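Please take a moment to look over the sequence and the model, and then follow the paragraphs below with both in view.

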Amino acid sequence: MTKDGELKNYIGGEWRMAEAVERLPVVDPATQETLAMVPLSNGAEVGQAAEAARRVFPGWRAMPATERIQYLFKLKPLLEGRFEELARAITMECGKTLDEARGEMRRAIENVEVACGIPLMMQGEFSEDIAPGIDEFMIRQPLGVCAVIAPFNFPGMIPFWFFPYALACGNTCVIKPSERTPITMGLVFELLHEVGLPPGVVNLVHGAREAAEALLDHPDIRAISFVGSTPVARHVYARAAANGKRAQAQGGAKNPLVVLPDADLEMTTRIAADSAFGCAGQRCLAASLAITVGEARDLFSEAIADAAASRAVGYGLDEGVQMGAVINHASRARVESLIAEGVKEGASALVDGRGTVIAGYEAGSFVRPTILQGLPPGSAVARTEIFGPVLGLMHVDTIEEAIALVNSGEYGNMACLFTSSGAAARQFRSQAEAGNIGINIGVAAPMAFFPFSGWKESFFGMLHGQGRHAVEFFTQTKVVVERWPDDWSRRF
Ligand code: NAD
């Protein structure tokens with residue numbers, strides 16, 4: 001960052017002022033203080049980053065994987081050393097609480113740890129004697145330059161779903177953070193610089209749509225990892241494919257929780273409230289609908305309404321705060337209008353977070369937790385991703401109806417069941433159409449060694465972020481069939 005608070009790009013191992021003329025303020029959602037100015041880089045700057053990454057690729061891919069991962073081993077203690085600073089940056093630019101930001105950084109670091117296992121994860125396969133004297137084997141090779149386009153809501157974690165694996169596999173990388181929360185990745189890049197990677201192996205380009213589209217169109221970029229809203233994910237996937245690139249595009253969500261009458265009510269309520277209201281509902285794994293079955297309805301509605309009403313809302317850096325702000329005023333207005341639409345569609349607001357003002361942070365973009373009871377199935381609000389602290393309650397009589405309701409949604413990021421029945425859990429995990437399933441878990445976020453498995457409108461592509469999927473995504477297979485003269489000694 002310059003003295004004037006302008007964020008710099010990091011290209012070819014150097015911090016560079018962007019040539020772009022357009023700049024946006026990065027605003028703390030709770031205090032409305034301008035934290036920095038982010039440049040909206042253009043195609044020329046993206047081109048410089050892609051060129052730097054392309055130039056260093058041959059040397060980087062030729063370095064043994066055991067040497068490449070030494071840079072990740074060095075990165076881990078550096079991330080731990082500035083852990084609190086990174087978490088505070090996330091809270092300030094994104095609005096979530098400090099504990100949530102710490103959790104986010106912990107999940108980011110996990111991916112560095114897992115990617116250190118690349119020498120094993122990247123191993124090929126070998127079949128001896130597929131025919132007399134002939135062997136066949138498959139090796140994994142890196143693709144070249146890869147790009148990451150990230151959303152605003154996990155500025156510290158989401159690029160880590162991709163870039164540690166990309167680099168460890170021998171690729172080079174260009175990262176474009178969200179223009180709304182670009183500060184944290186800038187700090188991470190200070191650490192990547194300190195690690196001493198060969199210049200150009202990893203590059204940071206700030207920007208918005210223009211920069212993202214330049215990455216999608218650049219001929220030297222071989223693969224795109226995108227996370228963001230579904231309409232943009234669909235567009236990114238199509239444009240990357242039209243340009244002959246490999247793409248993985250993780251999109252939005254509308255996650256249901258199903259509560260059976262035999263669920264532990266106290267635990268279910270606590271977990272459901274954390275899922276729906278944690279990160280102010282701005283999580284792609286936030287619960288957005290709770291579907292109660294049979295007698296669970298009255299008890300759960302009452303308990304979750306109490307949990308919503310009693311949640312401490314405020315500035316994420318303040319002690320005791322359980323929920324922070326939403327990202328900006330436009331997002332608050334959108335969430336409030338969806339609450340109004342839900343009421344118009346027939347739901348009753350058991351707890352209504354509209355018009356929230358927090359003492360000391362009167363200008364902040366806050367919405368308190370909201371519960372919409374009796375949201376009609378099929379209504380627009382029951383199907384729309386709200387991305388705010390709003391939980392819709394619906395009711396059915398059987399688990400089969402609940403599963404049918406879950407499966408009627410367009411998204412498939414996560415579905416959760418609360419029960420004490422193993423048989424019900426087994427039925428649910430087998431039949432629910434979502435790629436991440438929680439059983440008595442409210443945020444079924446896969447650990448770094450599992451793929452982040454969105455389905456349906458929540459994901460476009462085949463291979464997800466994290467774990468083995470990332471290794472497959474960031475490598476291409478080469479199959480070799482090999483024969484050697486059987487008696488070589490006679491030839492010399
Ligand atoms: P967004 O789609 O507005 O932006 C995501 C990224 O795309 C940003 O870097 C942005 O600059 C860029 N972008 C915006 N418009 C573009 C365009 N037309 N072409 C190319 N790039 C473009 O998303 P957001 O508001 O930053 O993030 C919230 C969304 O992300 C929610 O829908 C949430 O569910 C989703 N999300 C999904 C996951 C997941 O794993 N499935 C994880 C986190 C967030």
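Which element gives the most to the lining of the largest cavity? In this predicted model, that element is the helix α14, with 3 residues. A careful way to begin is to ask how empty space in a protein can be found at all. Rolling a probe the size of a water molecule over the atoms shows where empty space is left. By this rule, the count comes to 5 cavities of 30 Å³ or more, and about 220 Å³ of space lies in the largest of them. It is lined by 21 residues, of which Leu-289, Ala-382, Leu-405, Val-406 and Gly-409 are the closest to its centre. The elements that give two or more residues to this lining are β12 (255-259), β13 (287-293), α13 (380-383), α14 (399-408) and β17 (411-412), and by class the lining has 11 nonpolar, 6 polar and 4 charged residues.

The second largest cavity has a volume of about 100 Å³. Its lining is made of 14 residues, and the closest to its centre are Gly-281, Arg-283, Ala-286, Ser-288 and Phe-387. When these lining residues are sorted by class, they divide into 7 nonpolar, 4 polar and 3 charged.

From the cavities we can turn to the pockets, which are open. The largest pocket has a volume of about 800 Å³ and is lined by 35 residues, among which Pro-151, Arg-180, Gly-228, Ser-229 and Val-232 lie nearest its centre. If you would like to trace this lining along the chain, look for α8, β10 (221-227), α9 (230-242) and α12 (329-344), each of which supplies at least two residues. The largest share, 5 residues, comes from α9. By class, the lining of the largest pocket divides into 18 nonpolar, 10 polar and 7 charged residues.

Two of the helices just named, α8 and α9, also pack against each other, at an angle of about 35° and with their axes 8 Å apart. On the side of α8, the residues that take part are Arg-209, Glu-213, Leu-216 and Asp-217, and they meet His-235, Val-236, Arg-239 and Ala-240 in α9. The residues of this contact divide into 3 nonpolar, 1 polar and 4 charged.

One of these residues, Glu-213, deserves a closer look. Its place is in helix α8, which covers residues 209-217, and, leaving aside residues up to four places away in sequence, Glu-213 touches His-235 and Arg-239. Is Glu-213 buried or exposed? Its relative accessible area is 15%, and therefore Glu-213 counts as buried, because the word is used for values under 20%.

A second glutamate, Glu-125, makes a useful companion to this example, and it is found in strand β5, which covers residues 125-131. Glu-125 has a relative accessible area of 54%, so it counts as exposed, because that word is used for values over 50%. Apart from residues up to four places away in sequence, Glu-125 touches Glu-136, Phe-137 and Met-138. By contrast, Asn-203 lies 78 residues further along the chain, and the C-alpha atoms of Glu-125 and Asn-203 are separated by 32 Å.

The strand that holds Glu-125 leads us on to a sheet. Strands of a sheet pair through backbone hydrogen bonds, either parallel or antiparallel. Here 3 strands form an open sheet in the order β5-β6-β22, and the pairing is antiparallel. Why is one side of β5 and of β22 left without a neighbour in the sheet? Both β5 and β22 (475-483) stand at the edges, each with a single partner strand, and so one side of each has no neighbour there. Neighbouring strands of this sheet are turned by 25° against each other on average, when direction is ignored. Within the sheet, 4 bridges join β5 to β6, the strand of residues 134-142, and Phe-126 has Phe-137 in β6 as its bridge partner.

Another antiparallel pair can be found towards the start of the numbering, where 5 bridges join strand β3 (residues 23-27) to strand β4 (residues 34-39). In this pair, Val-26 stands opposite Ala-36 in β4. The two strands form a hairpin with 6 residues between them, and Gln-32 in the turn has a positive phi of about 65°.

Key. Residues numbered from 1 in each chain as written. Predicted model: local features only at pLDDT ≥ 70, side-chain atom pairs only at ≥ 80, totals over all residues. Heavy atoms only, no water. Buried < 20%, exposed > 50% of the residue type's maximum accessible area, 1.4 Å probe, protein only. Contact = heavy atoms within 4.5 Å. Pairing = 2+ DSSP bridges. Axes fitted to C-alpha atoms, helices over the stretch in contact; angles between N-to-C directions. 1 Å grid on protein atoms, 1.4 Å probe; cavity = no way out; pocket = protein on both sides within 12 Å on 5 of 7 lines; lining within 4 Å. Points joined across faces, edges and corners; volume = space filled by probe spheres on them. Nonpolar A, V, L, I, M, F, W, Y, C, P; charged D, E, K, R; others polar.
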